[in-house]
Amino acid sequence: MSSQVPTPHISAAEGDFAKVVLMPGDPLRARFIAENFLEEPKLVTSVRNVLGYTGTYKGEPISVMASGMGMPSMGIYATELYKFYGVETIIRVGSAGSISPKADLYDIVLAQGACTTSAWQNQYHLPGTYAPIADFDLLQSAVKRAAEMNTKVVVGNILSNDAFYGEDENFVSAWQRMGVLGIEMETAALYMIAADLGKKALGIFAISDNLITGKSLPSKEREVGFGTMMELALSMEK
Ligand code: HPA
């Protein structure tokens, strides 16, 4: 691993990342998490302003780094972290738009599986359709921790969609019919990379908008769901 770092997109040195990385989409959210939830956070990479930090949580080393938006961006950062920085576990902490009556604003969704519209998956040249899934141990420990916290979580399928502005009524109802809970843009890539490299991944989401009712959380309110999601991601067994 040593001669391969820094990578084209991460300027950290060998050993700068913990084995576990939390990944929000937004670099400023990565900074917010580092500064507000970790002890002694240290900036370890900032190529293209995609910020990554390592600190500790209750004495355990943990990193947080942004993925950017969409599967190609997640694909670059997750691959480099797993392959060249010795990272074993990535937990995506993001927001998603609900398309299910089971998950409303403020709810937390655990992505058991992640469908996708993205051609990004074509690189694997599979003779069929792959079903990207979460690591079962991580999923189980998130469910267990949520119960201890008395926090409602909805577990099921999500959709990693390429076209944020292509989510019209017909599109939503087609995925809704299949019981998909919500839409975001990165997790299917994360799950496929983890599978390919023999690593662990889980996506945890705070529902920020509801594509059925058209309601969305004002920015101040988003922090409520966000705080609960962070507590869950940080305190669950990893
Ligand atoms: N679509 C895609 N990504 C999202 C959404 C959405 O509606 N809400 C939050 N992230």
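Contact here means heavy atoms within 4.5 Å. The model is predicted.

**Overall fold**

The protein has six helices and nine strands. Its radius of gyration is 17 Å, close to the 18 Å that the globule rule gives for 238 residues, so the protein is as compact as a globular protein of that length. The C-alpha trace spans about 50 × 45 × 30 Å along the principal axes. Of the 238 residues, 51% are buried. Long-range pairing is well represented: among contacts with a separation of 6 or more, 76% join residues 24 or more positions apart.

**Two serines**

S73 sits in helix α2, which covers residues 71-84. Is S73 buried or exposed? The cut-off for buried is under 20% relative accessible area. S73 has a relative accessible area of 18%, so S73 counts as buried. Setting aside neighbours within four places in sequence, S73 is in contact with S67 and G68.

S100 is placed in the loop between β5 and β6 (108-116). S100 is also buried, with a relative accessible area of 7%. Which residues does S100 touch, not counting those up to four places away in sequence? They are V180, L181 and I212. P8 lies 92 residues from S100 along the chain, and the C-alpha atoms of the two are separated by 39 Å.

**Nonpolar cores**

In soluble globular proteins, nonpolar side chains tend to be buried together. In this model, the largest nonpolar core holds 72 residues. Those that touch the most other members are F17, L22, L81, Y82, I90, L202 and I204. A second core stands separate, with seven residues, including I99, L159, V180 and I183. V180 of this second core is also a contact of S100.

L22 shows how one core residue is surrounded. Beyond four places in sequence, L22 touches I62, S63, V64 and M65. L22 also touches I91 and V93. M230, A233 and L234 are further contacts of L22.

**Pockets**

The two largest pockets compare as follows.

| Pocket | Volume | Lining by class | Top contributor |
|---|---|---|---|
| Largest | about 700 Å³ | 14 nonpolar, six polar, eight charged residues | β5, six residues |
| Second largest | about 180 Å³ | six nonpolar, one polar, four charged residues | β4, three residues |

How many residues line the largest pocket? There are 28, and R92, S95, A96, F164 and S208 lie nearest its centre. Five elements give two or more residues to this lining: α1 (27-37), β5 (89-98), β8 (182-184), β9 (200-210) and α6 (219-235). Strand β5 gives the largest share, six residues.

The second largest pocket is lined by V20, Y57, K58, E60, P61, I62, L234, S235, M236, E237 and K238. Which elements give two or more residues to this lining? They are β4 (60-65) and α6. Strand β4 gives the most, with three residues.

Some names recur. Helix α6 gives two or more residues to the lining of the largest pocket, and does so for the second largest pocket too. I62 and L234 line the second largest pocket, and both touch L22. L22 in turn is among the core residues that touch the most other members.

Definitions and conventions
Residues are numbered from 1 along each chain as its sequence is written. This is a predicted model: local features need pLDDT of at least 70, side-chain atom pairs count only at pLDDT 80 or more; totals for chains, interfaces and linings use all residues. Side-chain values use heavy atoms; hydrogens and water are left out. A nonpolar core is a set of buried Ala, Val, Leu, Ile, Met, Phe, Trp, Tyr and Cys residues joined through side-chain atoms within 4.5 Å. Buried means under 20% relative accessible area, exposed over 50%, partly exposed in between (1.4 Å probe, protein chains only). On a 1 Å grid over the protein atoms alone, a cavity is a set of points where a 1.4 Å probe fits but cannot get out, and a pocket is an open set with protein on both sides within 12 Å along at least five of seven lines; lining residues have an atom within 4 Å of a point. Grid points are joined across faces, edges and corners, and a volume is the space filled by probe spheres set on the points. Ala, Val, Leu, Ile, Met, Phe, Trp, Tyr, Cys and Pro count as nonpolar, Asp, Glu, Lys and Arg as charged, and the others, Gly among them, as polar. The radius of gyration is taken over C-alpha atoms; the globule rule is 2.2 Å times the number of residues to the power 0.38.
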